[in-house]
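I set out to examine one helix and its surroundings, and I record here what I looked up.

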Amino acid sequence: MKERRTEILSGWKDIANYLGKAVRTVQRYEYELGLPVHRPAGRLRGSVIAAKSDLDAWVVSRPTRDIPV
């Protein structure tokens, strides 16, 4: 059986591009909505990484807002 490797995005710019949003928007998503990003041990700010599979699952699990027509 073939081992499946998780694809990792490194940095806010890569994560934002993957989600099709601006960097500031995905930073806000982390702070306000719990976007699943990870930082090196002991660091509260700075570089981040995220697994594409974690981001995909997060997007699917977020409720959407109904827009009146």
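These entries concern helix H1 and its neighbours in a predicted model.

**Entry 1: the two sides of H1.** I first looked up which residues of H1, residues 12-19, are buried. They are Trp-12, Ile-15, Ala-16 and Leu-19. I then asked why they lie on the same side of H1. The reason is that they cover an arc of only 100 degrees around the axis. I noted the general rule behind such a pattern: an α-helix has 3.6 residues a turn, so residues three or four places apart point the same way. On the other side of H1, I found Lys-13 and Asn-17, both of which are exposed.

**Entry 2: the cover.** Next I looked up what covers the buried residues of H1. The cover includes two strands, S1 (8-10) and S2 (49-51), and also the helices H2 (23-33) and H3 (52-61).

**Entry 3: after the helix.** I checked the residue that follows H1. It is Gly-20, and its phi is positive, near 70 degrees.

**Entry 4: H1 against H3.** I then turned to the packing of H1 with H3. Their axes are 11 Å apart, and the angle between them is about 45 degrees. An angle of 45 degrees falls in none of the parallel, antiparallel or perpendicular ranges, and H1 and H3 are therefore oblique to each other. I recorded their crossing as right-handed. On the H1 side, the contact is made by Ile-15, Tyr-18 and Leu-19; on the H3 side, Lys-52, Leu-55, Asp-56 and Val-59 make it. I sorted the residues of this contact by character: five are nonpolar, two are charged and none is polar. Ile-15 and Leu-19 of this contact also appear among the buried residues of Entry 1.

Technical notes
Residues numbered from 1 in each chain as written. Predicted model: local features only at pLDDT ≥ 70, side-chain atom pairs only at ≥ 80, totals over all residues. Heavy atoms only, no water. Buried < 20%, exposed > 50% of the residue type's maximum accessible area, 1.4 Å probe, protein only. Helix = DSSP H or I, 4+ residues; strand = E, 2+ residues; numbered from the N terminus. Arc of directions from axis to C-beta. Contact = heavy atoms within 4.5 Å. Axes fitted to C-alpha atoms, helices over the stretch in contact; angles between N-to-C directions. Parallel < 35°, antiparallel > 145°, perpendicular 65-115°, else oblique. Left-handed = near helix turned anticlockwise from the far one by under 90°. Nonpolar A, V, L, I, M, F, W, Y, C, P; charged D, E, K, R; others polar.
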